[in-house]
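Visitor: I would like to learn how to read a structure such as this one, going from one feature to the next. Could we look at it together?

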Amino acid sequence: MSRAGDAGVLYVDLERFEFRIDARPSRQELDQLCLAVGWSEFGADYPAVLDGYSVTTSAWTTGGRLVAWTSVVSDNVHHAFLLDVIVHPEFQGRGLGREVVVRAIEAMRRKGVTAFHVDCAPDRAGFYEKCGFKMCAGGWLDTRTHNATA
Ligand SMILES: CC(C)(COP(=O)(O)OP(=O)(O)OC[C@H]1O[C@@H](n2cnc3c(N)ncnc32)[C@H](O)[C@@H]1OP(=O)(O)O)[C@@H](O)C(=O)NCCC(=O)NCCS
């Protein structure tokens, strides 16, 4: 499969990857992917985290290496939220990030979900626009440091 990007870039390598819905990578596979992009590890409770997702999509090399990942949490009726899109740096810029996102959106569309949400740092907005999102203001807080009475 090959795909022309909006800016005319041709992705020719997607057929070399296997895309999986709801794969269960090992803790080591997920942690290695997170660490490769400078994120913290999933941690020992990662099976509970995987159980909490409505869907995950991932890309694997033909040799069985996990190279791209995203997950969705949802009410499974109306709303879904995209989380943690990660593409290993060695495999970025080949369309894999968009492919796992588009497949996650399609999986939730098939369940009937109509409203798909994402938030991100400003320097990632262009990527999500290429995936079809219209960017708007969002919010985020850390419950460990948030003062509920403030
Ligand atoms: C952001 C990330 C997921 C993109 O994955 P990727 O596989 O490299 O992206 P793709 O090759 O699928 O890119 C799809 C399109 O988005 C564009 N794009 C990718 N990253 C972008 C960025 N940061 N800003 C603007 N556009 C971007 C690409 O140029 C491409 O456009 P084109 O079709 O016109 O060529 C990847 O860089 C990554 O894992 N980064 C580290 C983790 C991270 O920050 N995740 C997002 C958290 S909000």
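**Strands, a crossover and a core**

Guide: Let us begin with a pair of strands in this predicted model: β6 and β7 run parallel to each other and are joined over three bridges, and within this pairing F81 stands opposite H117 in β7. To get from β6 to β7 the chain passes through α3, and this β-α-β crossover is right-handed.

Visitor: In which sense do β5 and β6 run, parallel or antiparallel?

Guide: β5 and β6 run antiparallel and are joined by six bridges, with W69 standing opposite I86 in β6. The two strands form a hairpin with four residues between them, and in that turn N76 has a positive phi of about 60 degrees.

Visitor: How should I read the helix α3, and what span would be expected for it?

Guide: One compares the reach of a helix with the expected rise along it: α3, residues 96-110, reaches 21 Å from its first C-alpha to its last, close to the 21 Å expected at 1.5 Å a residue. Just after α3, G112 takes a positive phi of about 105 degrees.

Visitor: Which elements do the buried residues of α3 pack against?

Guide: They pack against β3, β4, β5, β6, β7 and α4, and the buried residues of α3 include L96, V100, A104 and M108. Leaving aside its neighbours within four places in sequence, A104 is in contact with V55, T57, T70, V72 and L82.

Visitor: How many residues does the largest nonpolar core have?

Guide: That core has 23 residues, and A68, L96, V100, A104 and M108 have the most contacts inside it. The elements giving two or more residues to this core are α1, β4, β5, β6 and α3, and the largest share, six residues, comes from α3.

Notes
Residues numbered from 1 in each chain as written. Predicted model: local features only at pLDDT ≥ 70, side-chain atom pairs only at ≥ 80, totals over all residues. Expected span 1.5 Å × (residues − 1). Buried ≥ 20, exposed ≤ 12 C-beta atoms within 10 Å, placed from the backbone. Contact = placed C-beta atoms within 7 Å. Core = buried A, V, L, I, M, F, W, Y, C linked by C-beta atoms within 7 Å. Pairing = 2+ DSSP bridges. Right-handed = clockwise from strand over helix to strand, strands pointing away.
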